[in-house]
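Student: I would like a close look at one loop and then at what the rest of the fold has around it. Please take me through it slowly.

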Amino acid sequence: MNRIDQKFRELRRQRKKAFIAFMTAGDPSLAVTESLVLAFERSGADIVEIGIPFSDPLADGPVIQASSQRALKNGVTVEKVLALVQRIRKSSQVPIALMTSYNPVFHFGDERFVRQARRAGVDGLIVPDLPPEEAANLRKAARAHRLSLVFFISPTTTPERMKKIFQQSSGFVYAVSVTGVTGMRSAVAPGVAAMIGKARTVSREGKGLPTCIGFGISNPQQAKQMAGLADGIIVGSAIVNEVERNKGKKELVGNVGRFVGRLVS
């Protein structure tokens, strides 16, 4: 059992929902990312999701794409992100999941990537462009090193495929609230409640994995509404946008941390 499993067990006992905060590693710098992880933990984030920047992402909308480009210009690499997590582990045990396209993992090598990630203190891995049918090697490595491997469901996922995804996921299942890319939206998409209802049924019949909703949550009202449906929520673009809004300010970490605190509450 890793930190993600432990956190969901703890939240279940407390009858609370998980708040997962995303940021891009190295935007605006790796030092700021490190400080933001600690600030998010203080603000009540249960799990922190750190994005490894990639030049050609699949699911990222314009806000996170721009963030990744800025991080790449800063020279951020897989090795530097793993070193970042290792530094964070000196002062925090907050569960950490890495989100990345499969290309960096493939070039690193599945087993090597997982082994070094786990050694650095990573708890989970989210790869949006790798479907379960093509993830056998990565899943085997993740299982061997007790690293959660998170797969996706969406409003268009059939019940039969949803069962396969829940069987092959670990840690939690990522429910995409829209059929599109990440980004801030003004309203919760229709069909989300039905999707989560199906997911809960499938989860009860299987391993009982939590379902967390992401994509499009941008304010406290939406966060509360989505948290009422699932086991947790994931906020990314709104946080990344807040980082960019505060770029160059001495109060960046404090301001973004308070923004996350408002979403958590």
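Student: Where is the place of Gly 248?

Tutor: Gly 248 sits in the loop between α11 and α12, where helices (H or I, at least four residues) and strands (E, at least two) are DSSP runs numbered from the N terminus. The model is predicted, so local features need pLDDT of at least 70 and side-chain atom pairs count only at pLDDT 80 or more, while totals for chains, interfaces and linings use all residues. Residues are numbered from 1 along each chain as its sequence is written, and side-chain values use heavy atoms, with hydrogens and water left out.

Gly 248 counts as exposed because its relative accessibility is 78%; by the cut-offs, buried means under 20% relative accessible area, exposed over 50%, and partly exposed in between, with a 1.4 Å probe and protein chains only. Although Gly 248 and Pro 28 are 220 residues apart in sequence, they are 8.8 Å apart in space, C-alpha to C-alpha. Ala 194 in helix α9 offers a second example: Ala 194 and Gln 14 are 180 residues apart in sequence and 25 Å apart in space, C-alpha to C-alpha. Ala 194 is partly exposed, because its relative accessible area is 46%.

On one side of the loop, helix α11 (residues 237–245) has buried residues at Ser 237, Ala 238, Ile 239, Val 240, Glu 242 and Val 243. What covers them includes α12 (252–264), together with β1 (18–24), α2 (30–43), α3 (62–73) and β9 (232–235), contact being heavy atoms within 4.5 Å.

Elsewhere, helix α6 (residues 110–120) packs against helix α7 (residues 136–144) at an angle of about 30°, with their axes 9 Å apart. That makes α6 roughly parallel to α7 (under 35 degrees; over 145 is roughly antiparallel, 65 to 115 roughly perpendicular, and the rest oblique). Axes are lines fitted to C-alpha atoms, for helices over the stretch in contact, with angles from 0 to 180 degrees between N-to-C directions. The crossing of α6 and α7 is right-handed, meaning that the near helix is turned clockwise from the far one by less than a right angle, whereas anticlockwise would be left-handed. The α6 side of this contact is Asp 110, Glu 111 and Val 114, and the α7 side is Asn 137, Leu 138, Ala 141 and Ala 142.

For α8 and helix α9 (residues 192–205), the angle is about 55° and the axes are 10 Å apart, and these two helices are therefore oblique to each other. Their crossing is right-handed, and the contact involves Met 162, Lys 163 and Phe 166 of α8, with residues of α9 including Met 195, Ala 199 and Val 202.

Aromatic rings also join separate parts of the chain. Rings of Phe, Tyr and Trp (its six-membered ring) pair if their centres lie within 6.5 Å, with planes under 30 degrees apart stacked, over 60 edge-to-face and the rest tilted. By this rule the count comes to 5 aromatic pairs. Phe 8 and Phe 172 form a tilted one, at 5.9 Å centre to centre and 50° between the planes. That pair links distant parts of the chain, Phe 8 in helix α1 (residues 3–14) and Phe 172 in the loop between α8 (159–168) and β7 (173–176), 164 residues apart, and both residues are buried. Tyr 174 and Phe 215 pair edge-to-face, at 5.8 Å centre to centre and 85° between the planes.
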